[in-house]
Amino acid sequence: MAVAPAVAAPIPKPAIPCSHKGVLKTLDLPCFSCSPTVQRNTPPKATSSPNIIAVGSEERAKSSELLIAWNKFIRCVSLRNFLTRNLLLNKCPLRISQRLSHFTFVPDTVSASEGETQRMNLFQAINNSLDLALSSDPTAIIFGEDVAFGGVFRCTVGLQEKHGKSRVFNTPLCEQGIAGFGIGAATAGATAIAEIQFADYILPAFDQICNEAAKYRYRSGGLYDCGSLTIRAPCSAVGHGALYHSQSPEAFFAHCPGLKVVVPRGPIKAKGLLLSCIRDKNPCLFFEPKILYRSAVEQVPVKEYTMPLSKADILVEGDDITLVGWGTQVHVLREVCQLAKDQLNVSCELIDLVTILPWDKETIAQSVKKTGRLLIAHEAPLTSGFGAEIAASIQHDCFLNLEAPIERVTGFDTPFPHMFEPFYMPDKWRCFEAVKKLVNY
């Protein structure tokens, strides 16, 4: 009598007691968050069937793959727990922004003659600047979405408690209304300081800013003036902001006469420049690179001080190539300067533009006449980014001094990506390749 071949019992798949998607579903693994009875370190057991020896090679391969996947999953859980315990709870010496950012922040220093200093990060320096403005000017008011309790990035924390609800207050979720209210308040004699929660969402206010605020004095022949309006907005990449929380819109407003557009590189500059914008008699846009809010830390003078607008800073002197950036990109270019020196024996001159409009053409032109080469880097897309204006102006003024075509290293002409952000950013390696191209032209 013929004996039927032994049939292997199927390898059981662990049940998934939740609706989570992703790797758990893909690997047919249980979710520990929803199934506490499952042992975290217990791998799936093979069948206890007496016919296990009859399991074919295909079934054994599947079993092996499942065990490998399980081990990978355990390692992922361990990594997640480490991040939760250390980075997310701020127990690790390096914060997430320092570990995962595309740059290394280099702090500015001040001379001893500036008096007492205090350790501040960027948002604390901005908070200190706003506090000083409210204290010294009884007409100053601060308004915007959620500013009453400190705002998303805590830049206005404690100000309502100190200065009162009539001077620091929330607005509806309406950027056009925030800008329009600021124009009216400034026209009526107040020092209006508005916050747009993210620079990406400043576009609904574009008409109010460009068609009203920028033109109000000109349109009325000097009868009306909203020059005491300052609008703050967090801008640029942060590592996980994707297309609606990572944009750099400075070039949109650089096309509009009547405005001043400023981007600081660190806490010392932020405090002085913001106070300058608040006291300037022209409408000012103050874009704050949000990734610097906590990662940028400096010893900031405690006293009240201002810094000149429309004046670029030469941070590193050099003879071979001029590098120009603003905001976070300045710190990227600092590393490029060092790479060029160490690997190419090339001396780079680094300039922080500081003010986008009106910009300091003279400082850059003088540098390019000395070096003969120019590289401009910014996070905004290439086409019609402000680097294009700099390149056109310098090419016109310094044509006979140029030893190579002007290079621009920027974001790409796409929406700002989430998953592919590291490839989108004008990081030090892309900038360094442009330096080599300039040198070898």
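Two strands count as paired if DSSP finds at least two bridges between them. Keep that in mind for the sheet. And note that this is a predicted model.

So, the sheet. It is open and has 7 strands. The order is β3-β2-β4-β5-β7-β6-β12. Pairing is mixed. Which strands stand at the edges? They are β3, residues 168-170, and β12, residues 355-357. Each has a single partner strand, so one side of each has no neighbour in the sheet. From one strand to the next, the twist averages 20 degrees.

Let's stay at the β12 edge. Strand β6, residues 260-262, is joined to β12 by 2 bridges. The two strands run antiparallel. One residue pair to look at: Val262 has Thr355 of β12 as its bridge partner.

Now follow the chain out of β12. The loop between β12 and α13 holds Pro358. Helix α13 covers 361-371. The peptide bond from Leu357 to Pro358 is cis. Its omega is near -10 degrees.

Next, a helix against the sheet. Helix α4, residues 122-136, lies across β2, β3, β4, β5 and β7. Relative to β2, residues 140-144, α4 runs at about 135 degrees. For the other strands, β4 is 191-195, β5 is 229-235 and β7 is 284-289.

On to the loop between β2 and α5. Helix α5 is 159-163. Two residues here deserve a look. Asp146 is in this loop, and its phi is near 70 degrees. That is a positive value in a residue other than glycine. Arg154 lies in the loop between β2 and α5 as well. Phi of Arg154 is also near 70 degrees, again positive and again not a glycine. Buried or exposed, then? Asp146 has 30% relative accessibility, so it counts as partly exposed. Arg154 has 27%, so it counts as partly exposed too.

Last, a helix pair. Two packed helices are described by the angle and the distance between their axes. Take α6, residues 175-187, and α7, residues 206-213. Their axes come within 8 Å. They cross at roughly 25 degrees. Angles under 35 degrees count as roughly parallel, so α6 and α7 are roughly parallel to each other. Which residues make the contact? From α6, Gln176, Ala179, Gly180 and Ile183. From α7, Asp207, Gln208, Ile209, Glu212 and Ala213. By class, the contact of α6 with α7 has 4 nonpolar, 3 polar and 2 charged residues.

Notes. Residues are numbered from 1 along each chain as its sequence is written. This is a predicted model: local features need pLDDT of at least 70, side-chain atom pairs count only at pLDDT 80 or more; totals for chains, interfaces and linings use all residues. Side-chain values use heavy atoms; hydrogens and water are left out. Helices (H or I, at least four residues) and strands (E, at least two) are DSSP runs, numbered from the N terminus. Axes are lines fitted to C-alpha atoms, for helices over the stretch in contact, and angles run from 0 to 180 degrees between N-to-C directions. Contact means heavy atoms within 4.5 Å. Buried means under 20% relative accessible area, exposed over 50%, partly exposed in between (1.4 Å probe, protein chains only). Angles under 35 degrees count as roughly parallel, over 145 as roughly antiparallel, 65 to 115 as roughly perpendicular and the rest as oblique. Ala, Val, Leu, Ile, Met, Phe, Trp, Tyr, Cys and Pro count as nonpolar, Asp, Glu, Lys and Arg as charged, and the others, Gly among them, as polar.
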